[in-house]
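Q: Could you take one residue in this model and give me a close look at it, then work outwards to whatever surrounds it? Keep it informal, but keep the numbers in.

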Amino acid sequence: IEAVTGVQTCALPIYFLETYIQEGDRVLDVGCGTGILSIVASKLGASEVLGIDIDDEAVIASIENLEANNVHNAVIKKADLTEGVDFKADLVVANLLTNLVIRLTGDIRNHLNSGGRYIMSGILTNQQDKVLEALRDNGFQWLAVAKQGEWCAIAAELK
């Protein structure tokens, strides 16, 4: 990956992207931030990527980073997942804080194809059980948990 501005720790969701993405997947990057996960998904073989964020600066940074990395199969939009996003994905990645992950899990379910994978990160390890409960309540089965310091990422599949 070439120049990416404002990169924060994305190691855990990148690890899960490498593990769970399949060639030709449609990927939804919720809270795309700088666009790094959209870029990685594209480079790993996604056929189409939609990155969304509610922050204007994040959208601008993501677009610039896609261009710097010659990513042409991804679109970045200013959007809220709960309002007006009409995109069905094979894989959703969300690098958000725990409360947002929990709150959006039901909506993410609506944007996933059957058997789709959901990678979430930005979760404090002491709040992991709350996220796993939200996943169960919304028809997901967790596949794996990866930890780094006080943070964790979870990979799940829509049953």
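**A close look at Val92 and its surroundings**

A: Val92 sits in strand E4. Bear in mind that the model is predicted. The relative accessible area of Val92 is 0%, and since buried means under 20%, Val92 is buried. The strand around it is mostly covered too: six of the seven residues of E4 are buried.

What does Val92 touch, once its neighbours within four places in sequence are left aside? The contacts are Leu28, Val30, Ile108, Leu112, Arg117, Tyr118 and Ile119. Take two of those names in turn. Leu28 is the bridge partner of Val92 in E4. Leu112 is 20 residues from Val92 in sequence, yet the two C-alpha atoms are 7.2 Å apart in space.

Now for the strands on either side. E4 pairs with E1 in the parallel sense over four bridges. E4 also pairs with E5, again in the parallel sense, and here there are six bridges. One spot to look at in that second pairing is Asn95, which stands opposite Ser121 in E5. As background, strands of a sheet pair through backbone hydrogen bonds, and they do so either parallel or antiparallel. It also helps to remember that side chains in a regular strand alternate between the two faces of the sheet.

Zoom out and you get the whole sheet. It is open, has seven strands, and runs in the order E3-E2-E1-E4-E5-E7-E6 with mixed pairing. E3 and E6 are the edge strands, each pairing on one side only. From one strand to the next, the twist averages 15 degrees.

Walk towards the E3 edge and you find E2 and E3 paired in the parallel sense over five bridges. There, Val49 stands opposite Ala74 in E3. Going into E3 from H3, there is a loop that holds Asn70. The phi of Asn70 is near 50 degrees, which is a positive value in a residue other than glycine. Is Asn70 buried or exposed? Its relative accessibility is 56%, so with a cut-off of over 50% Asn70 counts as exposed.

Walk the other way and the pairing turns antiparallel. E5 (residues 112-124) and E7 run antiparallel and are joined by seven bridges. Ile123 stands opposite Cys152 in E7. E7 then pairs with E6 (residues 140-148) in the antiparallel sense over eight bridges, and Trp142 stands opposite Ala156 in E7. The hairpin of E6 and E7 has two residues between the strands, and in it Gly149 takes a positive phi near 60 degrees. E7 (residues 151-158) is largely enclosed by the rest of the structure, because six of its eight residues are buried.

Next, the helices that lie across this sheet. Helix H4 (residues 98-110) lies across E1, E4, E5, E6 and E7, running at about 175 degrees to E5. H2 lies across E1, E2, E3 and E4, and its direction makes about 175 degrees with E2. That puts E4, the strand of Val92, among the strands listed for H2 and among those listed for H4.

H2 deserves a stop of its own. Seven of the eight residues of H2 are buried, so H2 is largely enclosed by the rest of the structure. Those buried residues are Ile36, Leu37, Ser38, Ile39, Val40, Ala41 and Ser42. They pack against H1, E1 (26-30), E2 (48-53), H3 (56-68), E3 (74-78) and E4 (89-95). Just after H2, Gly45 takes a positive phi of about 110 degrees.

How do H1 and H2 sit against each other? Two packed helices are described by the angle between their axes and the distance between the axes. H1 (residues 11-20) and H2 (residues 36-43) pack at an angle of about 20 degrees, and their axes are 10 Å apart. With angles under 35 degrees counted that way, H1 is therefore roughly parallel to H2. Their crossing is right-handed. On the H1 side, Pro13, Ile14 and Leu17 meet Ile36, Leu37, Val40 and Ala41 in H2. Sorted by class, that contact holds seven nonpolar residues, with no polar and no charged ones.

Conventions: Residues are numbered from 1 along each chain as its sequence is written. This is a predicted model: local features need pLDDT of at least 70, side-chain atom pairs count only at pLDDT 80 or more; totals for chains, interfaces and linings use all residues. Side-chain values use heavy atoms; hydrogens and water are left out. Axes are lines fitted to C-alpha atoms, for helices over the stretch in contact, and angles run from 0 to 180 degrees between N-to-C directions. Angles under 35 degrees count as roughly parallel, over 145 as roughly antiparallel, 65 to 115 as roughly perpendicular and the rest as oblique. A crossing is left-handed if the near helix is turned anticlockwise from the far one by less than a right angle, and right-handed if clockwise. Contact means heavy atoms within 4.5 Å. Ala, Val, Leu, Ile, Met, Phe, Trp, Tyr, Cys and Pro count as nonpolar, Asp, Glu, Lys and Arg as charged, and the others, Gly among them, as polar. Buried means under 20% relative accessible area, exposed over 50%, partly exposed in between (1.4 Å probe, protein chains only). Two strands pair if DSSP finds at least two bridges between them.
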